[in-house]
Amino acid sequence: MILGGGGAPTPGAFGTTGRGPRLLGAGGRRATVISTASTVAVLAVLAAIFLLAPGSAQVRHTFFNPADMWQSFIGNPKKGYYSVGEALWLNIRMFITAEILILIFALVIALVRRSTGPVMFPFRVLSMIYVDFFRGVPLLLVILAIGFGVPALRLPFVSVQAVAVYGVAALVLSYSAYVSEVYRAGLNSVHQSQVAAARSLGLSQATTLRHVVLPQAVRNVIPPLLNDFISLQKDTALVGVLGAIEANEAAQIYSSTVFNYSSYTVAAILFLLLTIPLARFTDRVVDRDRRRRLAGVGQ
Amino acid sequence: MTAGLAACGSSSSSSSGSGSSSATATSCSNSAIQPDLYQKGQLTVATDQPAYPPWFENNDPANGKGYESAVAYAIAKLLGFTTSQVKWAYEPFNASYAPGPKKFDFDINEISYTPQRATAVTFSSSYYDVQQALVALKNGPIATGHSPAQLKTYVYGDQVGTTSLAFITSQIQPTAQPRVYQTLNDVKEALQTHQIAALVTDTPTAQYISSSEIPGTEMVAQFPSTGEHYGLLFSKGDPLVTCVNKAIATLKSNGTLQRLQKQYLQIYLGVPTIQP
């Protein structure tokens, strides 16, 4: 009975918290010096390879020319190209809309697939076919089929939407298939005894799902969910094939107008600025969750 | 060839300036240009796929039919190549200006010369002077309403990065953002499904689309020339451009280019010209 040993262990003791220790590994000051030197050396070698390559000057001019990067960032329709920065706003809007719809739609599919009643049988089969189909078909083809197919139907309302709407529809269809499987994994991870306990307390099936199963299931799959959404952010760029001027398309217009690829570098940087915060947020969520479990205390 | 030599200096505008002074003295015989070729013993000519009429026919650049195919073979002949020594390579437009060595001697793909583009690649002198034209559905509002003010009110569509797209944004300056597609086929599809009111492309292509490709469309009018022209695309500083420019000048002065334009491009005099 050593007094200091009681209670929850401090998270730091496991080396799981704080960015530094986990990235650098254990070892203190000397390790930090060595890792810094090693990092500098690796970067120096990579930079030397890049700068000393025979075509380096040409590549730097074509991909990293500051003047072209700036021009493509601000855009100039009078010269035939649009602002990559402004076009990114379309990606952001598509991403947010698609993400909300996917979260809802995918959950419905996952719940249908897990349903047990005989009445639900045809829906279970349909949802299975849906998931198989949209996970198997390349997203680009789904975007093309919807973006060019639906307007060609010449229906009132559905055929006269903006291009971005078809793009979001395709993203939702494709990503919901993946995300529903993530949800399903989460639902399966909740032990059957939890359901049994809840039902024995007199909770209805719906209430059990809502208050017992879903909160645990969703918490378990937050990291993979966020992972899918990071991927979704980039894939909004594919909607450009339908003629919507999003960041990647704006970059392509610039590049083929003036024959310089620096605009793509600008688009890449903008996408990184968009995805890195979400990636870091995912890390934090994972860490927090892990700490909580290691603490062994339900909160 | 002497006529060609004389005409060369005046016709090659700004793109081929660098290498020409030293190279004018050198011979353009087939054996003399061998070191400059992508593959010895053959002329490797690139274009995009699909290859559209009237620039190519039956999507087959190697049949010698269509304006660009015929021009490529005429140039090859002047450089001393037989028909079978001309090899065709596939080069998407978006890849044609990538840095580094090219997989062809020149690319012939309706690529317009601009000074900015000429900083990345080398262009030959003009083998076709371009005017942009407007294609729309026959009963669409743009068929009758195309005053400069009215033209600004429509939704246009075009292929990514083309000078036709630049013409829309810089000259027509529509209020709605144009739709920008990966290929010209996508643009045509969008026109057919009423997603766009009109597309802009060079007059011969416009003529082909409206007369034989998409039923129910018409070429509304063409726009005045902005001095735009098509040039063959070479990797930056390729010395071969000097001899190709000589060949183009010869084809100009002996009337071959004019004859081929008449044969394949059918520039009807009746096409009205409107202001953007």
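## Fold of chain B

In this predicted model, chain B contains 10 helices and 12 strands. Of the 276 residues in chain B, 51% are buried. Contacts in chain B between residues at least 6 apart in sequence are mostly long-range: 76% of them join residues at least 24 apart.

## Contact between chains A and B

Chain A contributes 24 residues to the contact, and chain B contributes 25 residues. On the chain A side, three helices each supply at least two residues: α3 (56-64), α7 (139-152) and α12 (247-258). The largest share comes from α12(A), with seven residues.

The side of chain A that touches chain B is mixed in class, with 11 nonpolar, 10 polar and three charged residues.

## Nonpolar core

In soluble globular proteins, nonpolar side chains tend to be buried together. In this model, the largest nonpolar core has 139 residues. Residues from both chains are found among those with the most contacts inside this core, namely A:Val84, B:Ile75, B:Leu79 and B:Ala198. Helix α8 of chain A (residues 163-189) gives the core its largest share, 15 residues.

On the chain B side, the core draws on two domains. Domain 1 (2-129 + 228-265) and domain 2 (132-222) of chain B each provide at least three residues.

## Surroundings of B:Ile75

B:Ile75 is one of the residues with the most contacts inside the largest nonpolar core. Leaving aside residues up to four places away in sequence, B:Ile75 touches B:Val244, B:Ala247 and B:Ile248.

How values were computed. Residues are numbered from 1 along each chain as its sequence is written. Chains are lettered from A and ligands numbered from 1 in the order in which they are written. This is a predicted model: local features need pLDDT of at least 70, side-chain atom pairs count only at pLDDT 80 or more; totals for chains, interfaces and linings use all residues. Two residues are in contact if their C-beta atoms, placed from the backbone, lie within 7 Å. Helices (H or I, at least four residues) and strands (E, at least two) are DSSP runs, numbered from the N terminus. Ala, Val, Leu, Ile, Met, Phe, Trp, Tyr, Cys and Pro count as nonpolar, Asp, Glu, Lys and Arg as charged, and the others, Gly among them, as polar. A residue is buried if 20 or more other C-beta atoms lie within 10 Å of its own, exposed if 12 or fewer, and partly exposed in between; C-beta atoms are placed from the backbone. A nonpolar core is a set of buried Ala, Val, Leu, Ile, Met, Phe, Trp, Tyr and Cys residues joined through C-beta atoms within 7 Å. Domain bounds come from an automatic or database domain assignment.
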